[in-house]
Amino acid sequence: MNNQLLQRAKAIRLAVFDVDGVLTDGRLYFLPDGGEFKTFNTLDGHGIKMLINSGVRTAIISGRKSPVVERRAHNLGIQHLYQGREDKLVVLDELLAELGLNYEQVAYLGDDLPDLPVIRRVGLGMAVASADSFVRQHAHGVTQARGGDGAAREFCELIMRAQDSLEAAQAAYL
């Protein structure tokens, strides 16, 4: 584990996730009636729940809008959901003002160019393994897992490991 990433992760009080390509594999599935569906990884979901239980706040900021994402966020207990917002840095500024936090206390997991301004600004800006190469190049770190395939779990566990809360979260299931 990269010591620099662990150092950055110690200060995190808010973890923010993109959706398409991060919590999903990035594919968009459209139904004949105009509806859509997305697939989510249960390991990612449980990682987010453990992170919330460890005391880290969570948020989703997505450029797209989907009722499926709203349901997923609700089911996981994600406290802050912003959809249909293209300028993610503006959204993050609003959220930080509301929560009284600063950029160094934020971790962000993204995959594409709209995520890059946030990735470069926050205390821990990471990209998933399947992210755009330019985004991976400018992130503080890159997950080993691809988006929708355990990357969010890896990200959550990194934060919990840095904050000495991972073992307690895991031990709760023994």
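Author: Two strands pair if DSSP finds at least two bridges between them, and helices (H or I, at least four residues) and strands (E, at least two) are DSSP runs, numbered from the N terminus. This is a predicted model, where local features need pLDDT of at least 70 and side-chain atom pairs count only at pLDDT 80 or more, while totals for chains, interfaces and linings use all residues. Residues are numbered from 1 along each chain as its sequence is written, and side-chain values use heavy atoms, with hydrogens and water left out.

Reader: OK, what's the order of the open sheet of 6 strands?

Author: As a rule, strands of a sheet pair through backbone hydrogen bonds, either parallel or antiparallel. In this open sheet the pairing is parallel. Reading across its 6 strands, you get β5-β4-β1-β6-β7-β8.

Reader: And which strands stand at the edges?

Author: Look for strands with a single partner, so that one side of each is left without a neighbour in the sheet. That picks out β5 (80–83) and β8 (141–142).

Reader: Which residue in β4 does V16 stand opposite?

Author: Strand β1 (residues 14–17) pairs with β4 in the parallel sense over 4 bridges. F17 has I60 as its bridge partner in β4. V16, for its part, stands opposite A59.

Reader: What about β6: which residue there is the bridge partner of A15?

Author: β1 also pairs with strand β6 (residues 106–110), in the parallel sense and again over 4 bridges. In β6, A15 has as its bridge partner A107.

Reader: Which residue in β5 does I61 stand opposite?

Author: β4 and β5 pair in the parallel sense over 4 bridges. Within β5, I61 stands opposite Y82.

Reader: At what angle does helix α3 run to β5?

Author: Axes are lines fitted to C-alpha atoms, for helices over the stretch in contact (heavy atoms within 4.5 Å), and angles run from 0 to 180 degrees between N-to-C directions. Helix α3 (residues 67–76) lies across β4 and β5. Its angle to β5 is about 170 degrees.

Reader: How many of the 6 residues of β4 are buried?

Author: Buried means under 20% relative accessible area, exposed over 50%, and partly exposed in between (1.4 Å probe, protein chains only). β4 is largely enclosed by the rest of the structure, because its buried residues number 5 of the 6.

Reader: With which side chain does the side chain of T58 make a polar contact?

Author: T58 sits in strand β4 (residues 57–62) and is buried, with a relative accessible area of 0%. Residues it touches, beyond those up to four places away in sequence, include L14, F17, I48 and H80. A polar contact is a pair of N or O atoms within 3.5 Å; within protein, one must be able to donate a hydrogen and the other to accept it, and residues adjacent in sequence count only if both atoms are side-chain atoms. At 2.6 Å, the partner of the T58 side chain is Q79.

Reader: How many residues of the largest nonpolar core come from α7?

Author: A nonpolar core is a set of buried Ala, Val, Leu, Ile, Met, Phe, Trp, Tyr and Cys residues joined through side-chain atoms within 4.5 Å. The largest one has 57 residues, of which L14, F17, L92, L124 and I159 touch the most other members. Its largest share comes from α7, and that share is 8 residues.

Reader: What is the angle between the planes of F17 and F155?

Author: Rings of Phe, Tyr and Trp (its six-membered ring) pair if their centres lie within 6.5 Å; planes under 30 degrees apart count as stacked, over 60 as edge-to-face and the rest as tilted. The structure holds 2 aromatic pairs. F17 and F155 form an edge-to-face pair, 5.4 Å centre to centre, with the planes at 80 degrees.

Reader: How many residues apart are F17 and F155?

Author: The pair links distant parts of the chain, F17 in strand β1 and F155 in helix α7 (residues 151–162). Both F17 and F155 are buried. Along the chain they are apart by 138 residues.

Reader: Which residues does R121 contact, leaving aside neighbours within four places in sequence?

Author: R121 is in helix α5 (residues 116–121) and is partly exposed at 45% relative accessibility. Leaving those neighbours aside, R121 is in contact with L89 and Y103.
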